[in-house]
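Trainee: I'm new to this one and would like a close look at a single part, the nonpolar core. Could you walk me through it and then show me what lies around it?

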Amino acid sequence: MKTWLARLILLLLPLATAAHAAPLPPLLAASELAARLNEGALRVIDIRADEEPAYLPGAVAAPYAQWRGPTDNPGRLPEAAALSALLQRLGIDASTPVVVVHAGDDPTDFGAAARVYWTLKTAGVGQVSILNGGMKSWRAAGLPTASAPTVPTPTHYQARIDARWLASRAQVAEAMGNSSWRLLDARPATYFRGEQRHPAARTPGTLVGAKNVEHTVWFVPGAAELAAPQAIRATAQRLGVDADAPTVSFCNAGHWAATQWFVLSEVLGGRDVRLYPESMVDWSRAGLAMANVPTRLQQFWMQLRAAFGDG
């Protein structure tokens, strides 16, 4: 009897282990996430604003603002202690499979999810995924919802910052002087050309030597859903974006650039793609060299337009 039982366990164990430990892909469609919701360890975090009318069953609320820095430098990564406290409250540790859910209204919503994804990986969480298309895709699929988020059992996890995907200001400066590195500006062209600036930035413009590839090029037209991998590869080839080249992705405050990082690193498999989280807000406030900086008169008119509107 013992021999028969041992053989049965050996026969079933690989199947049970595979079902339990199936790794999360970087992106999940609504139907794929629905099929995995009953996995006991899975943690779904909803980064939309507080008091939404509907949530995924079992989702935990963690509004995007909780993952961001102060008003004068919103892209700054939270301190390890604050990040640890957040992850503990959400019931997350290094081994927790996490799926990030955003609103799904536009590519900027996806950028928020990509930034949280990057933050989780940088904090040492091993398995992270994004619901492609966000809550909008979940509702469109007619899948069940809950009226309130779940309150999880806290963990004691201490975040350990993994700098593999992070570019500091000093590293960006080094990359600017190294021809093997690529600097990708994920912002709309008006920011790249110095015609607009983030309210917290001191000066409009971009990094010296940067290439402008707006974050929206990776999406299904008119949607907050990333295009299929083959379409993304075709877009990268058309735009001359080489995921295999060492790359720093940046924007105003590390939001749109997180999408760029996600595409190059997680979808295309780039081995040395880094996000400059503070981006141009930090760089401009440090008074460092920039390109596409308008004259003082042009900046004065920009300020007037921002204050009183274009009309």
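**Inside the core**

Mentor: Let's start with the residues that touch the most other members of the largest nonpolar core: Ile45, Trp67, Val100, Leu120, Leu226 and Phe262, out of 53 residues in that core. Keep in mind that this is a predicted model. The elements that give two or more residues to this core are the helices α3 (80–89), α4, α8 (229–239) and α9, along with the strands β4 (97–101), β5 (127–131) and β9.

Take leucine 226 as a way in. Leaving aside its neighbours within four places in sequence, leucine 226 is in contact with Leu27, Phe110, Asn132, Trp218, Phe219, Val220, Ile232, Phe262, Val263 and Val267. There is also another core, apart from the largest one, with 15 residues, among them Leu42, Leu56, Met135 and Trp138.

Now to the rings. The chain has six aromatic pairs. One of them joins phenylalanine 110 and phenylalanine 262, edge-to-face, with 5.6 Å centre to centre and 75 degrees between the planes. Phenylalanine 110 lies in helix α4 (residues 107–122) and phenylalanine 262 in helix α9 (residues 256–267), so this pair ties together parts that are 152 residues apart in sequence. Both of these phenylalanines, 110 and 262, are buried.

Phenylalanine 262 has another ring partner, tyrosine 117: that pair is edge-to-face too, at 4.9 Å centre to centre and 85 degrees between the planes. Here again α4 meets α9, with tyrosine 117 in the former and phenylalanine 262 in the latter, so the pair ties together parts 145 residues apart in sequence. Tyrosine 117 is buried, as is phenylalanine 262. Step back a little and you can follow ring pairs that link Phe110, Tyr117, Phe219, Trp261 and Phe262 into a cluster.

Helix α4 has company from α3 as well. The buried residues of α3 pack against α4. In α3, the buried ones are Leu83, Ser84, Leu86, Leu87 and Gln88. Just after α3 comes glycine 91, with a positive phi of about 75 degrees.

Next, look at β9, which is on the list of elements giving two or more residues to the core. Arginine 274 has its place in that strand (residues 273–275). Is arginine 274 buried or exposed? It counts as buried, because its relative accessibility is 18% and the cut-off for buried is under 20%. What does its side chain reach? A polar atom of the arginine 274 side chain lies 3.1 Å from the backbone oxygen of leucine 166, and a polar contact, also listed at 3.1 Å, joins the side chains of arginine 274 and aspartate 272. Leaving aside neighbours within four places in sequence, arginine 274 is in contact with Ala163, Arg164, Trp165, Leu166, Ala167, Gln171, Trp181, Thr247, Val248, Ser249 and Trp261. Trp261 is a name you've met already, in the ring cluster.

Val248 leads on to leucine 183, since Val248 is among the residues that leucine 183 touches. Leucine 183 lies in strand β6 (residues 182–185) and is buried, with a relative accessible area of 6%. Not counting residues up to four places away in sequence, leucine 183 touches Ala175, Met176, Leu207, Val208, Ala210, Lys211, Val248 and Phe250. To place leucine 183 along the chain, compare it with tyrosine 276: the two are 93 residues apart in sequence and 10.0 Å apart in space, C-alpha to C-alpha.

From Phe250 you can move to threonine 206, as Phe250 is one of the contacts of threonine 206 too. Where does threonine 206 lie? Threonine 206 is in the loop between α7 (189–192) and β7 (211–212), and it is buried, with a relative accessible area of 1%. The side chain of threonine 206 makes a polar contact of 2.8 Å with the side chain of aspartate 185. Beyond its neighbours within four places in sequence, threonine 206 is in contact with Asp185, Arg187, Phe192, Phe250, Met280, Met290, Ala291 and Asn292.

Finally, here's the setting for all this. The chain has eleven helices and nine strands, and buried residues make up 47% of its 311 residues. Of the contacts with a separation of 6 or more, 77% are between residues 24 or more positions apart.

Key:
Residues numbered from 1 in each chain as written. Predicted model: local features only at pLDDT ≥ 70, side-chain atom pairs only at ≥ 80, totals over all residues. Heavy atoms only, no water. Helix = DSSP H or I, 4+ residues; strand = E, 2+ residues; numbered from the N terminus. Buried < 20%, exposed > 50% of the residue type's maximum accessible area, 1.4 Å probe, protein only. Contact = heavy atoms within 4.5 Å. Phe/Tyr/Trp six-rings, centres within 6.5 Å; stacked < 30°, edge-to-face > 60°. Polar contact = N/O pair within 3.5 Å; in protein donor to acceptor, adjacent residues only side chain to side chain. Core = buried A, V, L, I, M, F, W, Y, C linked by side-chain atoms within 4.5 Å.
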